[in-house]
Amino acid sequence: MVAPSSTREMFLQAVECDDRDEFIRFVQRHNAKDDDFTMEELLPSFARKQHDRIWTGLSQMCTSLLLNSPFENDEEVAGNKDATPLTHACLQGVVTVATACLAMEKPVVSDHMLETAIILHGVLLDLPDCASKLQQGIAKLCEKWWTNEHAGREELVANTLMYYLVRSLQPSATVADVKSVDSLRQALLQIKMDDDSSTTIKDLLEQCVTRPNYLKQDKGRRFLSFLFSLNLAFTERLHKAIKSQLPSSPRAQIDFYGEVYFKAWRVATGPTLEKLEVYCIQDLMYHAVHASRVGARSLASTLRQLLSYFTKQKRQQGVDKMLLTLYEPIIWRAVKVANASVRANAAALLVDTFPLQDPESNKEDSDALTQKQFDILQDLLDDPCPVVRVTGIHGICRIASVFWEVIPSPTLEGFMTKLVRDMAFDVSTADVRVAVFKGLTFLLDNHLSHPLMKGLLLVFKDFIHDSSEKVRVAFVDLLIKVKGLRTIKYWHIVPMENLLAQLVQDSTPVARRLVSLLFNSLQPSAKTGEVQIERCIALIQTNPAAARVFYQYAPRHMSVTTAGEFLMLLGQCVLGCVRRAQPTNGRARAEAEDGTGEEKENEASPGDEEDEEETLTIQDTDVMEGMLEIIAVLWTGISDQLAKPENQTTKKKLVSRFSKALPEFLTAFQEGRALSAVLVIAGYVPSSSIPTFSRGCLTTLKNMSPCATSNDYAPLLECLVSWGHGSSVLELISDWLVAILKTSPKGKKKSRKVSFNEPVQPKPTLSLMYLDWLLSHYPTLSALLTESVDKLQDLTSILKNTLVCLEQRLMTPDLLNDLLTDEVMVKSLEMHCRLSIHLATRTSGQDQTLNRDAVNFLSELIAWADREILPMIHRVTDPGEDESDGPAAKRTTSSLSEKTLLDLGKKVLQVILSMSSETIMLGITDREFQSGVVDFCQLLLRTDHGMEFLPMTTRLLYQMGQQDLNRSLMPDIDAMMGDTMPSLLVDVIKTLARRNQEVSEENKKDIDEALSEIKPAVREVLHCYHQKQTVIGTESQEIMASILTAVLDEITRHVQGAGLDRCENVAELPTLSSFLLGLIARTKSMLGSFVLQMEQSTSSGSVKSTEGLLATLHVLHAISKGPKKVEGIKTCLSAVSTRLAELERINQEGSEDAELDTVSDTTLLQEAAVMAQDLTKAIGGVA
């Protein structure tokens, strides 16, 4: 469409006459969506001379506007953001016209248009922020000018490139900004990179290689690769920038860096190619070999991942030769060095790049090079370092899987035989055995390996019973892989009996895999119901325990509908056996009552009933029990899924079918495992379906023997709670407890709602067992907290009387009554605490008042123990002089009573500490409560029985340490424990040290057992606190000082006694020292803090005696022999040597009166001096 002549003339006149208002109106019409006018239609209608006139006028307008510095003096715009300044609008219009000109099919680019573009390009970087849209328009114009290769484009690129570089490095950068930078990349060739004037742009380009928005885009990576070709010195700078980013880069970003290097290498030539290969790629190879392997994201693995991009491109021309040339000076030597970490890195890289080859070499040289690599791989399997052996195993299996058909048969057989016969039986470390099974699993992906592996795998029969769980996991994964092969059968490798036996006793990770392995064989869902029942019965007859475990995990491999159908099939089978055992008239009556006789016949598989009648009867007790247990286990496994709306149809069918069958089940199975299973099933159906049984459950619980086990009462409790009768159970428990926890005749309460014809006969032990099970079983606890809160609160009030009973008991040597034993009171207190905490935290996160109630309750309980229990412990432990008088018989009786009270008090304290620990673990406590617990624990540790409270105290410390560390990681939470937790840890260490001094050689076993029990908690406490100190940037002097004191005191006693031989590691030090230093030595930084503390103590004179200095040398010697190279040992040794020199000088200046002591000190000084000299030589001198 051609614009009208009048429009063209008006536009031409507005431009030539510098009529800015009219020009702006044309631009506004162009931008308006409801106006048909566009510059793209107007400009092509002008002749070339008219284009010259247009750009002459626009050039003059642009120059005039910019000379007046409009953006500096326009204050009107600052106060009105909606206003568009005239100058801004005019310049934007010029840019719009220029852009439209370049968009023409045959653009007309006049000299004045170029001149105008140069003017706009010149002010691009000087425009203010309010002109950002104008800036972007100018940049787009210049970019288009460059990409369309119009005349004079070199004059329009410098500022444009700088603009886009800065813009692409902003947090708000877009994909388009990076694409624009890439489109201008050739303009960088015009910049003199060696000149100082290019410093700014080089800084910007260096930042580009570290920005994810460049690395994530193809054009961004192309631009980064292009940068390596600009200048040799700048290439080095880029390489250093990338290396600094690698340790912290995400894994995906590492692959992008590999692509950048590869694309830069592929197009490079001459000196640039040599610089890339030697300075960049080979440098990465060198560091990949020598980098640290520590951590999941080690630098070695990062560099290996980057270099793997090159190995994946080996099909491209020149890559093989380049890899061989660059790796050859590094890798052959690295696999032979003494450092195991370097050998492991080199082995991994060799595996990644296999085969290293030169396509241009002759066959003899190529075969020799390949054989050299095979020899290295074979040597890796015999390496003394397990990590290297593991790397070799993975590498051989990977190489064999990929290159099986081209590797010589003798070489393959040698590798496989070595793996199967030797490496799989490596007893030094489980990691090697794991590597074998993982490697073989990968190898089986190649079908050519199956004939050879079929015979070799038969030796792995016993690995299903390996002592290491991770080995068993890897082995079962291998069997699962074999399961998918046609040529090898997994039951030929491991007999079914062994698999089932291991299924019974193994951990969850292994058991789940075993079920996955066996599922299709034992539970063929695609087969008929007859086959499924046969397999199920065979499994029960072979291993009933394995059947229970199998169906526990089976729901993971079958749908809810399939599981429901199998449950009904099992129920039908059991019910058929029950009815066949009844008289004929009874059986007919039962079928008539439930109306299922004909229905079941129609649903059964053909011939199913006939086979069952011939082979299975109710007299097959083991099979009946097994099938009922399977029903109970499988229904429990899918119960959560059945609650979902989409599975309601299946649930209704199950409930309907088993509601009719359960009365007959309960009649036929009245004891043993069968009854327990039936009771579990009964919990999933309405109580109305078995009215007689449901009404008698509570009576059964009431009449149960106090010697009953959880197997006897647990199913009944679960049934009653699931039927909504949990309140009745709680009333029964309450009635029994009320009868024994009465503190006075006035306090006796009447039974509330549960009434009996005969008087209540309390069974406190049984009631507490019931309550314990209800609180420990999550489904029942959840139901009670939802439906019976009032009853639970009433029960809590009853249990609270335990405190009063305990107070009375602590004041008398005799039991309060025959039923209220000490064990019952301790258990009642525990139940009181647990129930109170559950009630207070039942809506955790919604009502903080409830959480506060739990904390207040425990705080009051601790105060009560401080008031009632601790004085009794002190009184019994330190009896007065008056109590030592009197007849011997009376003293003996008193002693026994006091010991009983002491045991009771200690059990009560253990309950309080345990409940406090659980509450802290829930995360509902505050600093005030934790401080109170710390103070209470310190009081306990300072008693003569402090060692008995150490396990629970260290557990408390661990829970507080975790809470404290989490708070320290949150900047908005400043309520940290401060000095309370370190002080308690110091008391723990002091208690250990005090007890260690008191223990004789005969009783040394006691301290060893105590240390073994508290070791995990103390280790985690030290680790947590050290982490916290690292986060907040401080060091704990108090803890390290207490550890140092305990260690030096113990070793000093040994030095003063029978002496102490030099220890080659911290484990050989005396008991407590070995324990404490063993925990510290696990972390290099923590061990460094300990050595620093030891150096400070020595330098300050805290360690004064010769014995103390000799003890310090023993510690330094043991630490120096350890695997961790700790900074500060030389400095500490220097301080010790200085102190020894001072003591020797003082000893020489001593008087004749101290001759004997001087001789003794001289002997120790000589021993210390010799040890210091030997240690100095061993560590390479002092600081």
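**Aromatic and charged side-chain contacts**

Trp491 has a relative accessible area of 40% and is therefore partly exposed in this predicted model. Its neighbour in the discussion, Tyr490, is at 3% relative accessibility and so counts as buried, the cut-off for that class being under 20%.

A pair of aromatic rings is described by the distance of the centres and the angle of the planes. The count of such pairs comes to 30. In one of them, the ring centres of Phe228 and Tyr261 lie 5.4 Å apart with the planes at 50°, so this pair is tilted. Phe228 belongs to the loop between helix 14 (218-227) and helix 15 (232-245), whereas Tyr261 is part of helix 16 (residues 251-267); with their positions 33 residues apart, the pair links distant parts of the chain. Phe228 is buried at 1% relative accessibility, and Tyr261 is buried at 0%. Tyr490 and Trp491 also form an aromatic pair, here edge-to-face, with 5.1 Å from centre to centre and 80° between the planes. Elsewhere, Phe11, Phe23, Phe26, Phe37 and Phe46 come together in one aromatic cluster.

Charged groups also meet aromatic rings. Arg153 is placed over the face of Trp146, 3.9 Å from the ring centre. Likewise, the ring of Tyr279 has the charged end of Lys275 over it, at 5.1 Å from the centre.

Lys275 takes part in a salt bridge as well, its side chain meeting that of Glu236 at 2.4 Å, N to O. This pair links distant parts of the chain, since Lys275 sits in helix 17 (residues 270-290) and Glu236 in helix 15, 39 residues apart. Lys275 counts as buried at 19% relative accessibility, while Glu236, with a relative accessible area of 24%, is partly exposed.

Across the whole structure, the search finds 45 salt bridges. Another of them joins Arg221 to Glu259, with the closest N and O atoms 2.8 Å apart. Arg221 lies in helix 14 and Glu259 in helix 16, so this salt bridge ties together parts that are 38 residues apart in sequence. Both Arg221 and Glu259 are buried. Through salt bridges that share partners, Asp218, Arg221, Glu259 and Lys263 are joined into one network.

A local example is found in helix 9 (residues 132-147), where Lys140 and Glu143 are 3 residues apart, about one turn of the helix. The closest N and O atoms of their salt bridge are 3.9 Å apart. Lys140 is partly exposed at 38% relative accessibility, whereas Glu143 is buried at 12%.

Methods
Residues are numbered from 1 along each chain as its sequence is written. This is a predicted model: local features need pLDDT of at least 70, side-chain atom pairs count only at pLDDT 80 or more; totals for chains, interfaces and linings use all residues. Side-chain values use heavy atoms; hydrogens and water are left out. Rings of Phe, Tyr and Trp (its six-membered ring) pair if their centres lie within 6.5 Å; planes under 30 degrees apart count as stacked, over 60 as edge-to-face and the rest as tilted. Helices (H or I, at least four residues) and strands (E, at least two) are DSSP runs, numbered from the N terminus. Buried means under 20% relative accessible area, exposed over 50%, partly exposed in between (1.4 Å probe, protein chains only). A charge sits over a ring if NZ of Lys or CZ of Arg is within 6 Å of the ring centre and within 35 degrees of the ring normal. A salt bridge is a side-chain nitrogen of Lys or Arg within 4 Å of a carboxyl oxygen of Asp or Glu.
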